[in-house]
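Work through the exercises below with the structure open. Each task is followed by a stepwise solution.

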Amino acid sequence: MACLVESSTVETSDGIKLHTKVFKPREEIKDNLVVVLVHPYSLLGGCQALLKGIALGLAEKGYRAVTFDMRGAGRSTGRGSLTGFSEVKDVVAVCKWVCDNLLSDRILLVGSSAGAPIAGSSAIQIEQVVGYVSLGYPFGLTASILFGRHHKAILQYPKPKLFVMGTQDGFTSVKQLRNKLSSAAGLVETHLIEGAGHFQMEGPAYDAQMADLITGFIAKL
């Protein structure tokens, strides 16, 4: 493995203990920026292990990456919430830990699936976040019952944003994505993956492509 993986425990403002992993390049670190990855919906089995492939890919490209189990997932304590608002505290706590312990003042937040709305609501609370990447943001009508209250935060967020989505995403159509992003503030990029479904894009076959898209976006920040 071309990187070092270290485990840690991060405590949130409400006393939840989060199992956290840091993926560090073995060679020289390219940038002071740290990528914090937010995993898919805990209540459907989402956990940090789903993001390991992307984190390894980023570390191999010279970037430090952090994954963590949100409350109620994996080895973290507490219980997951239905709408993801409690989990915002988890993202904020991990980002604060990154600033204090990895001595970084630049964070790129990456959210996968339901992790995207959670990361989006967190970004506005963390001044060190310099950009945001969504991998399959669930903007569609059914998903909006759970996550609709998160939309406004990321659409009004002024810093650079990249939205990656498969054209066969079962939660959000390409038209719904474009309609939502038409009102977004700041620099907004989209990258559509032809023929990919929502859960398919979360799978390991797309990890290398996701790492490439993320590093390409970092270069523009």
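**Exercise 1**

With which residue does Lys96 form a salt bridge, and how far apart are the closest N and O atoms?

Solution. The model is predicted.
- Step 1. The partner of Lys96 is Asp100, and the closest N and O atoms are 3.2 Å apart.
- Step 2. Place the pair. Both residues sit in helix α2, 4 residues apart, so about one helical turn separates them.
- Step 3. Check accessibility. Lys96 has a relative accessible area of 54% and is exposed, because the cut-off for exposed is over 50%.
- Step 4. Asp100, at 48%, is partly exposed.

**Exercise 2**

Find the salt-bridge partner of Lys220 and say which parts of the chain the pair ties together.

Solution.
- Step 1. Lys220 pairs with Glu189, with 2.9 Å between the closest N and O atoms.
- Step 2. Lys220 lies in the segment after α8 (207-218), while Glu189 belongs to strand β8 (residues 188-197). The bridge therefore ties together parts 31 residues apart in sequence.
- Step 3. Lys220 is exposed, with a relative accessible area of 55%.
- Step 4. Glu189 is partly exposed, at 21%. Buried would need a value under 20%.

**Exercise 3**

Are Arg71 and Asp90 buried or exposed? Describe their contact and the network around them.

Solution.
- Step 1. Arg71 and Asp90 meet through their side chains in a salt bridge of 2.7 Å, N to O.
- Step 2. This pair links distant parts of the chain, 19 residues apart. Arg71 is in the loop between β4 (64-68) and α2 (85-101), and Asp90 is in helix α2.
- Step 3. Both Arg71 and Asp90 are buried.
- Step 4. Add Asp14: a network of salt bridges links Asp14, Arg71 and Asp90.
- Step 5. For the wider count, the structure holds 8 salt bridges.

**Exercise 4**

What is the volume of the largest pocket, and which element gives the most to its lining?

Solution.
- Step 1. The volume of the largest pocket is about 210 Å³.
- Step 2. The lining has 16 residues, and the closest to the pocket centre are Tyr41, Leu44, Ser113, Phe147 and Phe171.
- Step 3. Two elements, α4 (141-147) and α7 (198-202), give two or more residues to this lining.
- Step 4. The most comes from α4, with 4 residues.
- Step 5. Sort the lining by class: 11 residues are nonpolar, 4 polar and 1 charged.

Methods:
Residues are numbered from 1 along each chain as its sequence is written. This is a predicted model: local features need pLDDT of at least 70, side-chain atom pairs count only at pLDDT 80 or more; totals for chains, interfaces and linings use all residues. Side-chain values use heavy atoms; hydrogens and water are left out. On a 1 Å grid over the protein atoms alone, a cavity is a set of points where a 1.4 Å probe fits but cannot get out, and a pocket is an open set with protein on both sides within 12 Å along at least five of seven lines; lining residues have an atom within 4 Å of a point. Grid points are joined across faces, edges and corners, and a volume is the space filled by probe spheres set on the points. Ala, Val, Leu, Ile, Met, Phe, Trp, Tyr, Cys and Pro count as nonpolar, Asp, Glu, Lys and Arg as charged, and the others, Gly among them, as polar. A salt bridge is a side-chain nitrogen of Lys or Arg within 4 Å of a carboxyl oxygen of Asp or Glu. Buried means under 20% relative accessible area, exposed over 50%, partly exposed in between (1.4 Å probe, protein chains only).
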